[in-house]
Amino acid sequence: MDNNNIEIKHHGAVRGVTGSCHELKVHEAGILIDCGLFQGSDYRTDLSIEFEIAHIRALVVTHVHIDHVGRIPYLLIAGFTGPIYCSEPSALLLPAMLEDALKIGFTRNQQLIDRVLAQLKGQIRALPYGQWQTVANTEIKVRLQRAGHILGSAYVECEALGQRIVFSGDLGAPHSPLLMAPKPPRRCDVLVLESTYGDQDHESRFDRRLRLKAVIEHALADGGTLLIPAFSLGRTQDLLYEIESLIAEFGQHCAAPNLAWRQLEIVVDSPLAANFTALYRKLKPFWNKEAQARLEEGRHPLAFEQLTVVDSHQDHLHAVQYLARSRKPFVVLAGSGMCTGGRVINYLKA
Ligand SMILES: [Zn+2]
C-alpha cells in the first residue's frame, strides 16, 4: 500500500465491540466510516468528539445500529457539515434510530431534537448499492455493497491512489430472513474487519427456524406467556418473519395445549420496534426474492393477522392487563435487548 499517503485510524471499536468509528485519510483529506455509540462495558459519559474533524469531508454509514451511528449527533454538533452517505434503506431508517437515541440519551427538548434531525436529513445522501461515488475534495471513491446484516446494511469499498480498502461493518450470514444475500468483494488490498461472532459457525437458517418452533412450543406448554426481549431493529423483524412462516406451515399443529399455531397471538410491544417494523414494510422493494414471493401469495410477513403491534404507553398497559386476565398463551416481543429495562419488566410482573 502507498503507506505514506494513506492512513487508517480507528476512533472506536478497538478494545470493545461497540462504538465503531474508522477514518480513512488520503493526503490531507479524510472520510469517516460509521460513528457509533459506546455501550455496555465500553460505556462513556462524555460522548463529544475528541478527534480532529476539520479535514473530514464525508461520513459513510454501514448500517443504522446504534453502535455504528449513535454518535452522529455529536459529530454534527462538533461542526461536521459534509455529506452522510448510506444505502437507500438506511437513509429512511437513520433518522428514526437517531431520534430515539436523542430522546433517551441526549435531551427531552423536542425543538432541539427536531433541529438536529433537520440538519441530519439535509446531510444524508442515499447511495444505491454497487455504485461508485466520488467524495468531493478528496482522492477517495466509495461504493456500498450488501452486507446481509439488517435491511440497508452495507460494507464499504473505498478506492484511493489505486488501492482498494474495504470496511466490513457488521456482516450477516448468507440466508438471513428478508435480506438479499451479501456479495463478496472482488478485490481488496486492505480489509478492516469487524467481527462480533466471527469465530462461531452460524447454525443453518432451516435448523434455527425449527429450533424457534420447538422453543416456542416448549415455553407455551404450561399455558403461559413467552416473552422474547429483542432488539428493535433487525432481530424483531427476523423473528416476525420466521414466526409468520411457522404459522403458514404449521397452522393446524398445536403451539400450546388446545391452541393451534394459527390461533396463537403475537404481540410486539415497543414503540421503536413498531416504528422499525412499519419502515421495514415500506422498504419491501429491498426485500429478497423469498419475501417478495410471499407477498405475491397474499401473505404479510410483517403484518399478519395474528400480530398486534403496541405503540403508545396506554396501549402497552392495556396489553399487560389483557394478558394477565386472559390466561391464554401469548408470544410477546418486547423492546430492549435484555430483561433489565423497558417494557419487558411490566410483563414479568404481570
Ligand atoms: Zn449491527
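**View 1. The open sheet and its edge strands.** Two strands are taken to pair if DSSP finds at least two bridges between them, and helices (H or I, at least four residues) and strands (E, at least two) are DSSP runs numbered from the N terminus. On that basis, six strands of this predicted model form an open sheet of mixed pairing, in the order β1-β2-β3-β4-β5-β6. Strands β1 (6-10) and β6 (124-127) stand at the edges with a single partner strand each, so one side of each is left without a neighbour in the sheet. From one strand to the next the twist averages 25 degrees. The model is predicted, so local features need pLDDT of at least 70 and side-chain atom pairs count only at pLDDT 80 or more, while totals for chains, interfaces and linings use all residues. Residues are numbered from 1 along each chain as its sequence is written, and side-chain values use heavy atoms, with hydrogens and water left out.

**View 2. Strands β5 and β6 with helices α3 and α4.** Strand β5 (residues 84-87) pairs with β6 in the parallel sense over four bridges, and Ser 87 stands opposite Leu 127 in β6. Helix α3 (residues 88-105) lies across β5 and β6 and runs at about 115 degrees to β5, whereas helix α4 (residues 110-123), which also lies across β5 and β6, runs at about 40 degrees to β6. Axes here are lines fitted to C-alpha atoms, for helices over the stretch in contact (heavy atoms within 4.5 Å), and angles run from 0 to 180 degrees between N-to-C directions.

**View 3. The buried face of helix α9.** The buried residues of α9 (under 20% relative accessible area, with exposed meaning over 50%, partly exposed in between, 1.4 Å probe, protein chains only) are His 316, Ala 319, Val 320 and Leu 323. Seen down the axis of α9, these residues fall within an arc of 95 degrees, so they line one face of the helix; the arc is that of the directions from the helix axis to the C-beta atoms. Arg 327, whose phi is positive, near 60 degrees, follows α9.

**View 4. The salt bridge between Arg 71 and Glu 50.** A salt bridge is a side-chain nitrogen of Lys or Arg within 4 Å of a carboxyl oxygen of Asp or Glu. In the pair formed by Arg 71 and Glu 50, the closest N and O atoms are 2.8 Å apart. Arg 71 is buried, with a relative accessible area of 1%, whereas Glu 50 is partly exposed, at 49%.
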